[in-house]
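Here is a short set of exercises to work through with the model open beside you. Try each task on your own before you read the solution.

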Amino acid sequence: MTRASRREVLELRRQAREWRRGRADTTLMEVVSDAYIALFATTMLSAMAISAIHQTRLSITDSCTTAECSDARFSSAWVCLAAMLAVTLAAGRIIGPVQVSPAEGSWLLATPVDRAAVLRPRLALVAVVSALASGTVGAIASTLAGFGPPAIGLVAAGAMASGLGAAMLAALAQPRSGWLTRILSWLLGSATWVALVLIAADVMPSAPTSAPWSIAAGASVAGAIWVGGAGLLIAGARSLSRIHRNRLVPGGALLANLSGALAGLDLTMMYDILVAQKWLVRATVQPLRGGPKGPWALVWRDVIRLRRSVSSLLILAAAVVVPYLVDAVDLGTLVVLAGALTLFGTGVPLCSALRTTSRNPGLVRCFPMPASTVRGACLVVPAAASVLWSLAALPAVHAGTAATWGASTSIAVAMGMTALAAMARWLLAPPPNYAQGLLSSPAGGIPPGLAFSLLRGFDVVILASAPILISPTSTGALVSLLLSAGVLGIVVGRDKS
């Protein structure tokens with residue numbers, strides 16, 4: 001190699017080192033900039049959330065002037081904690097809580113090695129997330145219940161330990177069939193429902209005029225819960241090697257599917273994934289032959305589905321307590337909005353036929369009737385259930401709106417029809433059109449309808465409930481009914497072929 005060529009090689013090496021050094025500096029600056037933006041956004045959003053919770057607490061304190069309202073407000077904090085534990089156990093039973101992706105399950109866990117080292121970081125992540133989420137719920141519930149700062153800290157600490165223990169209990173039950181977490185989640189859910197009924201009936205214990213415990217006693221209880229949670233964490237970590245691969249992969253596949261649906265902001269797809277997972281576990285049903293003909297055959301199929309999903313009816317019937325609970329805390333006409341939202345959330349499982357036909361346009365074309373007739377027949381059973389549910393909530397609507405019984409009946413029926421229109425809108429809304437031009441956003445290009453997909457159903461509830469909230473009379477109920485009928489006519493009669 002000549003001297004000139006050697007100088008060229010050295011110069012190229014020097015330029016390469018300078019380029020790598022500049023690239024490293026640029027990468028470091030990008031990491032620092034991203035960390036600063038994330039920290040700033042987290043701080044700003046946290047401050048906004050804390051301010052909103054504080055203002056809500058002040059408004060509830062000002063409006064809650066009766067002893068019954070104070071008792072309900074005090075008891076609601078503990079009910080929220082019980083519901084949080086039930087949700088944690090149920091989520092742990094459905095998803096894992098320890099899980100791996102199908103790819104990892106196929107090549108990594110199939111080898112004859114100890115899988116505890118692979119699963120231990122995942123268990124730690126589940127423990128941290130469960131503790132933080134539970135502590136947040138405990139802090140918010142105790143703040144809205146009117147607790148003082150020391151009590152809020154103790155309740156949040158106890159909630160963190162309780163959430164940690166619930167997640168670790170689900171991890172301990174994961175190597176088996178998970179019957180323990182199923183029983184505990186149903187027991188906690190039943191206890192939550194009973195507590196809500198007692199709050200609505202105003203038979204809960206009276207709220208104390210001072211702190212119900214001393215700081216030392218509260219700290220001792222929270223410390224004992226933390227000791228129990230830590231013990232469950234150690235036991236869960238030791239049981240990781242006993243979890244079979246068949247218990248790890250389904251949860252990872254389900255979580256990946258849910259993450260993909262959430263990335264597309266498609267809540268209906270998430271619901272479809274959960275329904276498919278439910279019937280995949282159940283596997284088979286007993287077919288029934290016979291029944292009426294024409295559109296009534298679809299109605300009869302929905303009635304048969306109710307027999308196969310008794311839990312959906314039980315949850316719908318148990319949710320009637322929500323309007324009475326809202327009336328017990330003196331929220332007035334908001335009982336209508338709360339009832340419509342509750343019926344919308346718990347009534348969707350009754351729309352199995354509507355969901356199936358909306359996902360299969362080819363199946364709808366096989367019926368000897370228009371598509372609008374098929375969708376209308378699929379709405380008969382949900383409509384009947386909505387009317388019965390709204391009539392069951394009639395006393396709460398009458399007490400909350402202070403209207404006459406005739407006007408209250410109209411308002412209750414309008415509330416049910418609002419929820420029905422929201423269900424139809426949520427299930428029958430067309431998917432985003434990816435053939436159109438994309439909208440520019442900080443996250444990249446998105447389809448025009450994707451940004452508003454999260455509001456489907458909720459927009460109908462707010463739109464149709466607004467006339468009743470403004471004027472809780474027969475006129476407001478009539479306007480709400482007209483709006484709901486208009487939405488139903490549009491979504492049912494839309495040509496989706």
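**Exercise 1. A residue in a loop**

Between which helices is the loop in which alanine 402 lies? Describe the backbone and the exposure of this residue too.

Solution. Keep in mind that you are looking at a predicted model.
- Step 1: the loop that holds alanine 402 runs between helix H18 (394–401) and helix H19 (405–428).
- Step 2: turn to the backbone. Alanine 402 is not a glycine, yet its phi is positive, at about 55°.
- Step 3: check the surface. The relative accessible area of alanine 402 is 69%; the cut-off for exposed is over 50%, so alanine 402 counts as exposed.

**Exercise 2. The overall make-up**

How many helices and strands are there in the protein? Add what you can on burial and contacts.

Solution.
- Step 1: the count gives 21 helices and zero strands.
- Step 2: of the 497 residues in the protein, 36% are buried.
- Step 3: take the contacts between residues at least 6 apart in sequence; 77% of these join residues at least 24 apart.

**Exercise 3. H2 against H6**

Work out how H2 and H6 are arranged, and which kinds of residue make their contact.

Solution.
- Step 1: the axes of helix H2 (residues 67–95) and H6 cross at roughly 160° and come within 8 Å.
- Step 2: angles over 145 degrees count as roughly antiparallel, so H2 is roughly antiparallel to H6.
- Step 3: the crossing in which H2 passes H6 is left-handed.
- Step 4: look at the residues. H2 brings residues including Ala72, Val79, Leu85, Leu89 and Arg93, which meet a set in H6 that includes Arg182, Leu188, Gly189, Leu196 and Ile199.
- Step 5: sorted by kind, the residues of the contact of H2 with H6 are 13 nonpolar, six polar and two charged.

**Exercise 4. H6 against H12**

Is H6 oblique or roughly parallel to H12? Sort the contact residues as well.

Solution.
- Step 1: helix H6 (residues 179–200) packs with helix H12 (residues 321–328) at an angle of about 45°, and their axes are 8 Å apart.
- Step 2: roughly parallel needs an angle under 35 degrees, and roughly perpendicular needs 65 to 115; H6 is therefore oblique to H12.
- Step 3: H6 passes H12 in a left-handed crossing.
- Step 4: on the H6 side, the contact uses Trp193, Leu196, Val197, Ile199 and Ala200, while H12 supplies Val321, Tyr324, Leu325 and Ala328.
- Step 5: this contact of H6 with H12 has nine nonpolar residues, no polar and no charged ones.

**Exercise 5. H19 against H20**

Describe the pair H19 and H20 in the same way.

Solution.
- Step 1: H19 and helix H20 (residues 458–470) have axes that come within 8 Å and cross at roughly 160°.
- Step 2: H19 and H20 are therefore roughly antiparallel to each other.
- Step 3: H19 passes H20 in a right-handed crossing.
- Step 4: Ile411, Ala414, Thr418, Ala421, Ala422 and Arg425 of H19 meet Asp459, Val460, Val461, Ala464, Ser465 and Ile468 of H20.
- Step 5: the residues of this contact of H19 with H20 divide into eight nonpolar, two polar and two charged.

**Exercise 6. Cysteines**

How many disulfides does the structure hold? Comment on two cysteines.

Solution.
- Step 1: the number of disulfides in the structure is zero.
- Step 2: cysteine 80 has a relative accessible area of 36% and is partly exposed.
- Step 3: cysteine 366 has a relative accessible area of 64% and is exposed.

Conventions
Residues are numbered from 1 along each chain as its sequence is written. This is a predicted model: local features need pLDDT of at least 70, side-chain atom pairs count only at pLDDT 80 or more; totals for chains, interfaces and linings use all residues. Side-chain values use heavy atoms; hydrogens and water are left out. Axes are lines fitted to C-alpha atoms, for helices over the stretch in contact, and angles run from 0 to 180 degrees between N-to-C directions. Helices (H or I, at least four residues) and strands (E, at least two) are DSSP runs, numbered from the N terminus. A crossing is left-handed if the near helix is turned anticlockwise from the far one by less than a right angle, and right-handed if clockwise. Contact means heavy atoms within 4.5 Å. Ala, Val, Leu, Ile, Met, Phe, Trp, Tyr, Cys and Pro count as nonpolar, Asp, Glu, Lys and Arg as charged, and the others, Gly among them, as polar. A disulfide is a pair of cysteine sulfur atoms within 2.5 Å. Buried means under 20% relative accessible area, exposed over 50%, partly exposed in between (1.4 Å probe, protein chains only).
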